[in-house]
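The exercises below are meant to be worked with the sequence and the coordinates side by side. Each task sentence is followed by a solution that proceeds step by step.

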Amino acid sequence: MIRIENLVKTFGAKRAVDGISFGVERGEVLGFLGPNGSGKSTTMRMITGFYPPTSGRVTVGGHDVAENPIAAKRLIGYLPENAASYPDMTVESFLGFTAAMRGLDGAARKRAVGRAIEMCFLSAVVRQNIDTLSKGYKHRTCLAQALIHDPEVLVLDEPTDGLDPNQKHEVRNLIRELGKSKAVVFSTHILEEVDAACSRAIIIDRGKIVAQGTPNELRARSRLEGAVTLQADGATAEKLSALGRVEDFAGAFRIYPRDPSHGPELAAAVIELVNREGWKVHGMYSERGELDEVFRSLTQPDTAGP
Amino acid sequence: MRAVRIICRRELEAYFTSPVAYVFLVIFLLLTGFFTFTAGAFFERGEASLSAFFGWHPWVYLVLVPAVGMRLWAEERRAGTIELLLTMPITAWQAILGKFLASWIFLALALVLTFPVVLTVNVLGEPDNGAIAAGYVGSWLLAGAYLALTCMTSAMTRNQVVAFILSVVMCLFLILAGFNPVTDLLARWTSPTVVDTVAAFSVITHFDGFQKGVLDSRDLIFFFSVIGFALFATGVIIRGHRAG
């Protein structure tokens with residue numbers, strides 16, 4: 001549904017987005033990860049037609065966003081970064097306005113507004129002015145606006161930003177649910193969200209893609225993936241080093257496999273060694289890769305700018 | 001056209017859900033009343049016309065029209081809702097036109113509410129109501145020209161105060177180019193052709209005809225060109241922001 005080819009956006013001398021290509025199909029939830037200022041929002045603004053790309057192409061549902069913006073925009077529901085909405089409108093009139101802008105009228109408009117209110121749990125505040133709402137409600141109002149026309153493509157820029165843990169959970173479930181029938185792209189810098197909602201993730205840094213894959217594939221790039229931590233009386237680094245690289249810390253040893261995909265074999269080998277040597281085991285853990293660590297190793301801190 | 005109508009309606013509602021509309025209407029009516037009856041010496045003139053009323057409009061609008069229009073784009077940019085608006089399946093022109101029309105209709109409403117002055121002059125004498133109607137048309141076009149310039153300055157900045165000041169300065173230029181003290185001063189230094197050229201840019205020169213009841217196509221073209229040019233410039237400025 002979304003196809004991006006060699007997308008570049010420059011602001012003056014700064015290359016905010018520098019040659020990004022990827023595609024998202026229906027039934028996929030793509031997580032877009034990256035530190036602040038890495039080009040996530042700029043990419044999303046190009047997908048939704050707000051920024052024209054400096055070079056490269058974006059097509060949504062087969063329509064080129066630059067050449068045929070109206071047809072492309074019709075397919076997209078967009079939640080902008082700060083979840084902006086008109087503060088002087090009530091939730092109901094704001095959603096009615098966006099539904100009208102999406103070409104819905106009369107009974108269809110009423111139905112769409114009602115459905116969006118229900119999906120985003122807004123029924124308690126429908127008649128309130130948006131500027132009197134809490135941040136969570138404001139955010140969900142803007143999310144409701146993105147869903148109002150039941151779009152085939154959803155572009156959500158930090159959809160869980162500023163929500164409390166319960167609301168985050170609800171929104172993630174909603175995204176996962178929507179992802180079954182739509183093409184969804186959402187950006188975040190919260191890594192647990194990738195596990196919770198994405199079928200695929202892309203990590204970008206300084207405008208370039210530095211990694212992509214399923215959450216498990218990304219995790220496999222972690223140095224920790226497949227490592228075994230052992231805490232046992234009598235164990236020595238020397239004997240363990242026959243199995244892999246050993247790190248000694250705080251009375252425990254962490255053994256890293258020579259090949260990360262051989263994690264299970266390593267664990268078996270450690271148990272065998274323990275039995276053979278007769279060490280008294282206090283604890284033994286098989287480590288899983290951490291997205292956090294992959295993220296830190298692939299991206300550089302202090303990317304300045306918005 | 002549909003998108004223009006929807007945006008226009010939202011903007012109009014926005015005026016009335018905030019105190020802006022009411023404050024504006026009250027101040028506009030008070031000011032026009034004050035200028036007409038006190039400073040304009042409406043009664044002392046002993047004329048059955050509204051020249052005391054319309055004559056002040058370029059000056060009253062100078063402050064009030066930028067106040068009505070400064071919000072239009074500056075606020076969208078400040079709040080970030082411009083991103084929402086321009087990612088809807090509409091063109092930027094539809095948004096520009098919708099917003100402009102909303103404010104222009106609002107100004108028309110303000111003008112309509114000055115009807116007591118028309119009643120007054122009709123009770124006291126027998127004015128040329130055709131000339132009064134032409135005066136109203138001219139006044140509305142004048143407000144439209146100021147408003148279009150305000151749209152343009154509003155698109156330049158996310159700060160409403162800056163938009164306000166810039167548009168006041170521009171509108172002031174449009175007045176002064178044909179203001180008698182200024183044209184007299186210019187006439188002393190330069191040739192009459194230059195004076196006429198400068199004065200041709202003035203809203204005063206073009207508004208005068210309407211007050212006399214003359215609907216001259218040149219005056220109509222002048223106001224519509226100012227509006228067209230300023231709205232076109234608004235579009236260019238908005239596209240410029242997005243192109244980065």
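A residue counts as buried if 20 or more other C-beta atoms lie within 10 Å of its own, as exposed if 12 or fewer do, and as partly exposed in between, the C-beta atoms being placed from the backbone. The structure is a predicted model, and every value below is computed from it.

**Exercise 1. Describe the overall build of chain A, from its burial to its domains.**

Step 1. Of the 306 residues in chain A, 44% count as buried by the cut-off just given. The secondary structure of chain A comprises 11 helices and 14 strands.

Step 2. Along its principal axes, the C-alpha trace of chain A spans about 80 × 45 × 35 Å. The chain is divided into domain 1 (2–220) and domain 2 (228–287), and the centres of these two domains of chain A, taken over C-alpha atoms, are separated by 45 Å.

Step 3. Turning to contacts in chain A between residues at least 6 apart in sequence, 68% of them join residues at least 24 apart.

**Exercise 2. Locate Glu158(A) and Arg206(A), and state for each whether it is buried or partly exposed.**

Step 1. Begin with the backbone: most residues other than glycine have a negative phi. Glu158(A), although not a glycine, has a positive phi of about 50°, and Arg206(A), also not a glycine, has a positive phi of about 50°.

Step 2. Glu158(A) is placed in the loop between β7 (153–157) and α6 (165–178) of chain A, while Arg206(A) is found in the loop between β9 (200–205) and β10 (208–213) of chain A.

Step 3. Glu158(A) has 23 other C-beta atoms within 10 Å and is therefore buried. Arg206(A) has 18 other C-beta atoms within 10 Å, so it is partly exposed.

**Exercise 3. Determine the surroundings of Gly289(A) and its burial class.**

Step 1. Gly289(A) lies in the loop between β14 (280–286) and α11 (291–298) of chain A.

Step 2. Because Gly289(A) has 22 C-beta neighbours inside 10 Å, it counts as buried.

Step 3. If neighbours within four places in sequence are left aside, Gly289(A) is in contact with Arg219(A), Ala220(A), Arg221(A), Ser222(A), Leu224(A), Glu225(A) and Val294(A). By contrast, Gly278(A) is 11 residues away along the chain, and its C-alpha atom is separated from that of Gly289(A) by 29 Å.

**Exercise 4. Characterise the packing of α6(B) against α10(B).**

Step 1. Two packed helices are described by the angle between their axes and the distance between the axes. Helix α6 (residues 71–79) of chain B and helix α10 (residues 129–156) of chain B pack at an angle of about 15°, with their axes 6 Å apart.

Step 2. Angles under 35 degrees count as roughly parallel, and α6(B) and α10(B) are therefore roughly parallel to each other. The crossing in which α6(B) passes α10(B) is right-handed.

Step 3. On the α6(B) side, Leu72(B), Trp73(B) and Ala74(B) meet Cys151(B), Ser154(B) and Ala155(B) in α10(B). By class, this contact of α6(B) with α10(B) has five nonpolar, one polar and no charged residues.

**Exercise 5. Describe the contact between chain A and chain B, with attention to the chain A side.**

Step 1. The contact takes 21 residues from chain A and 19 residues from chain B.

Step 2. On the side of chain A that touches chain B, the elements giving two or more residues are β1 (2–11), α2 (69–75) and α3 (91–101) of chain A.

Step 3. The residues on that side of chain A divide into 12 nonpolar, four polar and five charged.

Notes: Residues are numbered from 1 along each chain as its sequence is written. Chains are lettered from A and ligands numbered from 1 in the order in which they are written. This is a predicted model: local features need pLDDT of at least 70, side-chain atom pairs count only at pLDDT 80 or more; totals for chains, interfaces and linings use all residues. Two residues are in contact if their C-beta atoms, placed from the backbone, lie within 7 Å. Helices (H or I, at least four residues) and strands (E, at least two) are DSSP runs, numbered from the N terminus. Ala, Val, Leu, Ile, Met, Phe, Trp, Tyr, Cys and Pro count as nonpolar, Asp, Glu, Lys and Arg as charged, and the others, Gly among them, as polar. Domain bounds come from an automatic or database domain assignment. Axes are lines fitted to C-alpha atoms, for helices over the stretch in contact, and angles run from 0 to 180 degrees between N-to-C directions. Angles under 35 degrees count as roughly parallel, over 145 as roughly antiparallel, 65 to 115 as roughly perpendicular and the rest as oblique. A crossing is left-handed if the near helix is turned anticlockwise from the far one by less than a right angle, and right-handed if clockwise.
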